[in-house]
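Please look through the structure shown here. The paragraphs that follow take up its interior space, a pair of helices and its strands in turn.

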Amino acid sequence: MKLNPTFEFYDLFQFIYDYFNENLFSSQLPNCMIVITRKTKTFGYYSNERWINKENIKTDELAINPIYFSKYPLIEMLQTMAHEMVHLWQFHFGRPSVRSYHNKEWGNKMQSIGLMPSNTGKEGGKKTGQQMMDYPIKGGIFLDVCSQLVKDVRFENLWFDRTTTVKIETLLTVNTTSTENILIDDLEIANFLYSTYTIDSPIYLGNTDSSKNKYQCPGCKVNVWGKRELNLICGDCGVEFEYQ
């Protein structure tokens, strides 16, 4: 059968959005533009009324970063979708704070859909703030909805980004998490949601932090660090530094 990766990829995320909208938001949310971003250190984001068509109709943007798909369990990606959908809900039906601050109204809505806001991503963290993470509430609606969501055949067509900042050489395998962190009774569903994947033939990008890329002079072995693709020459040896 001929592959249709664009359709398979975006159809899955539209399905996730629609399923969450129906089961977590009572079909209250309008549709939006779902896009892919590779913005560093960002799982995803929401931007209100980012798009407009020739009829002057505006729509919001919800972005997901695919580089994290193989680094973190699937449940984390689903949490990101729901997290950003709460921002969308607040823009249309609540009172969002300025500059993406996660206020009490946003936090209460998160808890109502089964996600606990936390600035640490763990129990005991602050529930409001500029940079916020979250974790599923045990026995909450989010975990129940996700357990049904992933039974859909579309998840068989999940695509992974091969690029990575970590050198890995093993095949696409499942790396299951410890059972103490699993909050779902159905072990097959739990393993699917809480497993990570290692990619076959990854494309190694090096360190994406612009200040932490290592270069070394092949002569005197002096090391320097800086942004990628620098053209450096050792003043003592007269040779080019090599990227490590």
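This predicted model holds 1 cavity of 30 Å³ or more. The volume of the largest cavity is about 120 Å³. Its lining is made up of 14 residues. Those that lie nearest the centre of the cavity are Tyr-68, Phe-69, Tyr-72, Pro-73 and Met-77. Sorted by class, the lining has 11 nonpolar residues, 2 polar ones and 1 charged one. Which helix gives the most to this lining? That is helix 2, which spans residues 74-93 and supplies 4 residues.

Helix 2 also leads to the next topic, a pair of helices. Two packed helices are described by two quantities, the angle between their axes and the distance between the axes. For helix 2 and helix 4, the latter covering residues 141-149, the axes come within 12 Å and cross at roughly 115°. The crossing in which helix 2 passes helix 4 is right-handed. On the side of helix 2, the contact is made by Ile-75, Leu-78, Gln-79 and Ala-82. Helix 4 contributes Phe-142, Leu-143, Cys-146 and Leu-149. What classes of residue make up this contact? There are 7 nonpolar residues and 1 polar residue, with no charged residues.

The strands come next, beginning with a hairpin. Strand 2 (residues 44-52) pairs with strand 3 (residues 58-64) in the antiparallel sense, and 6 bridges link the two. At one position in this pairing, Ile-52 stands opposite Lys-58 of strand 3. The hairpin that strand 2 and strand 3 form has 5 residues between the strands. In the turn, Asn-56 has a positive phi of about 65°.

Further along the chain there is an open sheet of 3 strands, in the order 11-10-12, with antiparallel pairing. Why is one side of strand 11 and one side of strand 12 left without a neighbour in the sheet? Strand 11 (223-226) and strand 12 (242-243) stand at the edges, and each has a single partner strand, so one side of each has no neighbour in the sheet. Strand 10, residues 213-216, lies between strands 11 and 12 in the order of the sheet. The link from strand 10 to strand 11 consists of 4 bridges, and these two strands run antiparallel. Within this pair, Gln-216 is found opposite Asn-223 of strand 11.

Key. Residues numbered from 1 in each chain as written. Predicted model: local features only at pLDDT ≥ 70, side-chain atom pairs only at ≥ 80, totals over all residues. Heavy atoms only, no water. 1 Å grid on protein atoms, 1.4 Å probe; cavity = no way out; pocket = protein on both sides within 12 Å on 5 of 7 lines; lining within 4 Å. Points joined across faces, edges and corners; volume = space filled by probe spheres on them. Nonpolar A, V, L, I, M, F, W, Y, C, P; charged D, E, K, R; others polar. Axes fitted to C-alpha atoms, helices over the stretch in contact; angles between N-to-C directions. Left-handed = near helix turned anticlockwise from the far one by under 90°. Contact = heavy atoms within 4.5 Å. Pairing = 2+ DSSP bridges.
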